[in-house]
Amino acid sequence: MSITIAGKSVSAIGLGCATFGREISEQASYAMMDYAQAHGVTLFDTAAAYGAGVSERIVGNWLAAHPASSVVLATKLLPPYEPATLAKILEQSLCRLGVETLDLLYLHHWHASVEGLELLTMLDRFVRSGKIRALGASNFTAAQLSAALRRQTEAGLARFQVVQHNHNFAVSDLTPELLDICTANGIAIVTYSPLGAGFLTGKHRRGVQAGSRFAILPGHQDIYFQERSWRRLERLEAAARRSGHNTVCLALAWVLHSPQVTSVLIGGRTPAHLDQAFAAQLLNDPKLLAEMQAE
């Protein structure tokens, strides 16, 4: 499903800003945002956790130089979500981003505080006061999302309108149960890591590559270095040999044409990574994609 926030449409390809200030310089980050905007990307996604706020600051500096931009700006706050300090933490993000109103605020991960009405009521106040235009839940299970939505509905509070999850050909957190909940509640789905943080390029077959996301954030190794993921990579490589398309193009096309997915976040270090996604978006071959998926 498509989604519009404050009159601004969310593009099918979004810009993931996790690399900003961590894996690429501020100037390289500006080049990524310039290129994304010039090619119709409207969703810029950052988080307070990215570089301990550095990514937010870089995005804020770019926005200050582009006041007429139609960017849909999203950020995320990390748990614990303490009601006593949440407003202050949100203000810190808004300050780094240089905005008074944020288009989309995610809770970055589920936390036990989501089970209480105090946190959900505070999020509702952020929306009603004009600080936030829409609420999102990132990395929630189907049960966690369903319970939170029920509490919000029963209390008449602003509800989560967007979810964000890991989703790629090797590993996906978009379970059938979660998809059903999103469909029933009109919730848009944003996904990240379409190449499995580089796993689906095959570059880690002989060990973790120095300087890669797997080296910078070793936790990725536990997620992807599993038997099923290696089998999926083999299936992707076989499809590439049959079709004549490279593995990166096929992996991106599979995600970009996933049913129910509203927007796919594309990160990277150069505009060429965005070009890969733009090319894959044009590869809409239902038969090929279905053959890839079949186990």
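## Helices H9 and H10

In this predicted model, helix H9 (residues 227-243) meets helix H10 (residues 247-256), with axes that come within 9 Å and cross at roughly 110°. Angles from 65 to 115 degrees count as roughly perpendicular, and H9 and H10 are therefore roughly perpendicular to each other. Their crossing is right-handed.

On the H9 side, the contact is made by Arg232, Leu236, Glu237, Ala239, Ala240 and Ser243, and on the H10 side by Thr247, Leu250, Ala251 and Trp254. Sorted by class, the residues joining H9 to H10 are six nonpolar, two polar and two charged.

## Helices H10 and H12

H10 also packs against helix H12, which spans residues 286-293. Here the axes of H10 and H12 come within 10 Å and cross at roughly 95°, which makes H10 roughly perpendicular to H12.

Which residues of H10 and H12 make the contact? From H10 come Leu250, Ala253 and Trp254, while H12 brings Leu288, Leu289, Met292 and Gln293. Six of the residues in the contact of H10 with H12 are nonpolar, one is polar and no charged residue takes part. If you are following individual side chains, Leu250 and Trp254 are worth picking out: both belong to the contact of H10 with H9, and both are also listed for the contact of H10 with H12.

## The second largest pocket

Let's turn to the empty space. The second largest pocket holds about 350 Å³. Its lining has 20 residues, and those nearest the centre are His167, Asn168, Ser172, Trp254 and Gln293. Two of these names have come up before: Trp254 and Gln293 are also part of the contact between H10 and H12.

Which helix gives the largest share of the lining of the second largest pocket? The answer is H9, with three residues. H9 and H12 each supply at least two residues of that lining. By class, the lining of this pocket divides into 10 nonpolar, eight polar and two charged residues.

## Helices H2 and H3

Earlier in the chain, helix H2 (residues 54-64) packs against helix H3 (residues 83-97) at an angle of about 45°, and their axes are 6 Å apart. H2 and H3 are therefore oblique to each other.

The H2 side of the contact consists of Glu56, Arg57, Val59, Gly60 and Leu63, and the H3 side of Ser93, Arg96 and Leu97. The contact of H2 with H3 has three nonpolar, two polar and three charged residues.

## Backbone details

Most residues other than glycine have a negative phi, and most peptide bonds are trans. Some places in this backbone deserve a look with that in mind. The peptide bond from Pro79 to Pro80 is cis, and its omega is near 5°. Where does Pro80 sit? Pro80 is in the loop between strand S5 (72-77) and H3.

Ala6 is not a glycine, yet its phi is positive, near 55°. Ala6 lies in the loop that runs between strand S1 (4-5) and strand S2 (8-9). Asn139, also not a glycine, has a positive phi of about 60°. Asn139 is placed in the loop between strand S7 (132-138) and helix H5 (142-154).

Technical notes
Residues are numbered from 1 along each chain as its sequence is written. This is a predicted model: local features need pLDDT of at least 70, side-chain atom pairs count only at pLDDT 80 or more; totals for chains, interfaces and linings use all residues. Side-chain values use heavy atoms; hydrogens and water are left out. Axes are lines fitted to C-alpha atoms, for helices over the stretch in contact, and angles run from 0 to 180 degrees between N-to-C directions. Helices (H or I, at least four residues) and strands (E, at least two) are DSSP runs, numbered from the N terminus. Angles under 35 degrees count as roughly parallel, over 145 as roughly antiparallel, 65 to 115 as roughly perpendicular and the rest as oblique. A crossing is left-handed if the near helix is turned anticlockwise from the far one by less than a right angle, and right-handed if clockwise. Contact means heavy atoms within 4.5 Å. Ala, Val, Leu, Ile, Met, Phe, Trp, Tyr, Cys and Pro count as nonpolar, Asp, Glu, Lys and Arg as charged, and the others, Gly among them, as polar. On a 1 Å grid over the protein atoms alone, a cavity is a set of points where a 1.4 Å probe fits but cannot get out, and a pocket is an open set with protein on both sides within 12 Å along at least five of seven lines; lining residues have an atom within 4 Å of a point. Grid points are joined across faces, edges and corners, and a volume is the space filled by probe spheres set on the points.
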